[in-house]
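Me: I am new to this structure and would like a close look at a single part of it. Please take one strand and the sheet around it, and explain each term as you go.

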Amino acid sequence: MTSFKTLDDLGDVAGKVALVRVDLNLPMQDGSATDVTRVEAAKPTILELTEKGAKVLLLAHFGRPKGQRSSTMSTSFVQGDVEKVLGKEIMFIPEVMGPVVEQSIGILDNGDIGLLDNVRFWPGEEANDPDFAKGIAENGDFYVNDAFSAAHRAHASTEGLAHLLPAYAGRAMEAELKALDAALGNPEPPVAAVVGGAKVSTKLAVLENLVGRVQHLIIGGGMANTFLAARGVDVGKSLCEHDLTDTANRIMDQADHAGCTVHLPYDVVVAKEFAANPPSLRTCNVHEVGSEEMILDIGPQAVEALADVLKTCRTLVWNGPLGAFETSPFDEATVTLAKTAAALTQDGSLVSVAGGGDTVAALNQADVAGDFTYVSTAGGAFLEWMEGKPLPGVEALKG
Ligand code: ADP
Ligand code: MG
């Protein structure tokens, strides 16, 4: 893996000012966060820096204020939640640069934490304006990026600052990059990828990148229907992008040339209406789907075959559920295969990395997220990484 500096490379930072990019874009309800996972993720980095005596300035975005101040999108709204997670009082600073920040730093003791306001209040953030970044950098001695989830954006706080100050990956960023490298950067073969979810169109670039990198491409979810249709299967009323069958055929050809086996289900779970446990529910061969039926999950025989594939693999990367997992019993394939992957991981025979909003929800539903090697909550950044795109926030750390 191309090297980047971590907190292990910090010298004596007592009294130094750390500008720390974190993800505080918390889901809110009635003025407080409904989920503080993102703060929990940044906590080790923040506390390590305070323990080393640095003055820590947290830098984050919150919502989409589009380059102007907004009374409803100040980071002061998450101050209480951040304090609760860190178990420490923090000082809110209603600016990101200039004399107010400078004076606040004067008030902070070594090991204290300040929370800067929403960096997206200024248009220079998303424009990655060098002068804006310089203004922020003037009050800092070094920069730490612990927000992998924002690393696919080339913004001043995620990319620009890394060129202006000594730059380090925080602990969460470091863990994420190590896990991703073990899954697709330098994985131990054979590698399997599970790609599911609703549509091929949202994951074309992912599929195209994966066929050249993995030995087994397992396709499930609604997108499997498009691939089945491309192979001449009548998928009835299933969610299917009929206009993408040529694309699906091209991807299967690319896989053939690259020595990647594409796995499509040969049995499926179908129903005439999309509801929980509908009366029309049945399992059938893919060639027996009725014209009034929808494929809503892959079938038990397919899952068993896929479990056998995973048993021969050393590495697994997973994005997208295999069925419409929010509705019972169409979560069955996803839950069963996830449990197999979790067990193989716990046995030490598989490195398993998963990511994606619905994927994380599905793994939690299967109660196995903790048994995977790594589960990324990074959303957009995770998908762009799966597409094989360099992430500006990560590239900048490599210096
Ligand atoms: P992620 O958020 O993990 O990247 P996606 O957003 O791509 O995943 O896909 C998740 C969605 O795909 C879920 O809402 C799920 O219900 C839907 N889905 C999966 N299989 C099917 C199917 N056979 N028919 C319709 N929708 C499906
Ligand atoms: Mg989703």
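Reply: What follows is a close look at strand S6 and its surroundings, with a few further places added at the end.

This is a predicted model, in which local features need pLDDT of at least 70 and side-chain atom pairs count only at pLDDT 80 or more, while totals for chains, interfaces and linings use all residues. Residues are numbered from 1 along each chain as its sequence is written, chains are lettered from A and ligands numbered from 1 in the order in which they are written, and side-chain values use heavy atoms, with hydrogens and water left out.

Strand S6 covers residues 113-116; helices (H or I, at least four residues) and strands (E, at least two) are DSSP runs, numbered from the N terminus. In a regular strand the side chains alternate between the two faces of the sheet. Here Ile-113 and Leu-115 lie on one side of S6, Gly-114 and Leu-116 lie on the other, and all of them are buried, where buried means under 20% relative accessible area, exposed over 50%, and partly exposed in between, with a 1.4 Å probe and protein chains only.

Two strands pair if DSSP finds at least two bridges between them. Strand S4 (residues 55-59) pairs with S6 in the parallel sense over three bridges; Val-56 has Ile-113 as its bridge partner, and Leu-58 has Leu-115. Strand S5 (residues 91-93) also runs parallel to S6 and is joined to S6 by three bridges, with Ile-93 standing opposite Leu-116.

These strands belong to an open sheet of six, in the order S5-S6-S4-S1-S7-S8, with parallel pairing. Its edge strands, each pairing on one side only, are S5 and S8 (167-169), and the twist averages 25° from one strand to the next. Axes are lines fitted to C-alpha atoms, for helices over the stretch in contact, and angles run from 0 to 180 degrees between N-to-C directions.

The path from S5 to S6 involves helix H3 (residues 99-107), and the three make a right-handed β-α-β unit; a crossover is right-handed if, with the strands pointing away from the viewer, the path from the first strand over the helix to the second runs clockwise. H3 lies across S1, S4, S5 and S6, running at about 165° to S5. Helix H1 (residues 37-51) lies across S1 (17-21), S4, S6 and S7 (142-145), at about 155° to S4.

Within helix H1 sits Thr-45, which counts as buried because its relative accessibility is 0%. Leaving aside residues up to four places away in sequence, Thr-45 touches Leu-7, Val-20, Val-144, Asp-146, Gly-170, Arg-171 and Ala-172, contact meaning heavy atoms within 4.5 Å.

Lys-16, by comparison, lies in the segment before S1 and counts as partly exposed because its relative accessibility is 35%. Not counting residues up to four places away in sequence, Lys-16 touches Ala-54, Lys-55, Asp-141 and Phe-142. The C-alpha atoms of Lys-16 and Gly-388, which are 372 residues apart along the chain, are separated by 36 Å.
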